[in-house]
Amino acid sequence: MILNDFIYKIDNFCGYKNEWKIRKDSETSDKYGYYPEKRPIDVHIKNSIINLDKPPGPTSHEVAYWVKKMLNVSKAGHGGTLEPISLGGVIQKLPAYYR
């Protein structure tokens, strides 16, 4: 996919009517990575950070454990800690961010 198509696709999805002035088209190759829409799901999962809205009840550690089981990954952790009665955002980090 050409970058221009990608930008217009995002504009169309968001309902924006922007007039873009493209100075130069970029060139790239599949040998340097994946286009976002062609990226395999396991690569998405391996390199992901999940911004999760934790409901009241479970601890942040329990939610990290559930994410680990649901996505079948060896490691998952959280970047913030919320008490069990609290609700709010917890960032779940998946394997690529444990290096």
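Where in the chain is confidence lowest, and where is it highest? I looked this up before anything else. Confidence is lowest in strand S3 (residues 88-93), at a mean of 64, and highest in helix H3 (residues 60-71), at 87. The score is pLDDT, the predictor's confidence in each residue, from 0 to 100. Over the chain its mean is 79, and 78% of the residues reach 70 or more.

Notes on the source. This is a predicted model, where local features need pLDDT of at least 70, side-chain atom pairs count only at pLDDT 80 or more, and totals for chains, interfaces and linings use all residues. Residues are numbered from 1 along each chain as its sequence is written, and side-chain values use heavy atoms, with hydrogens and water left out.

Layout. I found three helices and three strands. From the N terminus they run α-α-β-α-β-β. Both kinds are DSSP runs numbered from the N terminus: helices are H or I with at least four residues, strands E with at least two. Buried residues make up 19% of the 99 in the chain. Buried means under 20% relative accessible area, exposed over 50%, with a 1.4 Å probe and protein chains only.

Helix H3. I checked its span. The 12 residues should span 16 Å at 1.5 Å a residue, and the end C-alpha atoms are 17 Å apart, which agrees. The expected span is 1.5 Å times one less than the number of residues. Its buried residues are Ser 60, Val 63, Ala 64 and Val 67. Seen down the axis, they fall within an arc of 100°, so they line one face of the helix. The arc is taken from the directions from the axis to the C-beta atoms. The face turned away carries exposed His 61 and Lys 69.

Asn 72. This residue follows H3, in the loop before strand S2 (77-78). Its phi is positive, about 55°, although it is not a glycine. Most residues other than glycine have a negative phi. Asn 72 is exposed, at 70% relative accessible area.

Lys 54. I found it in strand S1 (residues 49-54). Lys 54 is buried yet has no salt bridge, meaning a Lys or Arg side-chain nitrogen within 4 Å of an Asp or Glu carboxyl oxygen. The nearest side chain of opposite charge, Glu 62, is 7.4 Å away. A polar atom of the Lys 54 side chain lies 2.8 Å from the backbone oxygen of Pro 58.

Notes
Lys, Arg positive; Asp, Glu negative; His and termini not counted. Polar contact = N/O pair within 3.5 Å; in protein donor to acceptor, adjacent residues only side chain to side chain.
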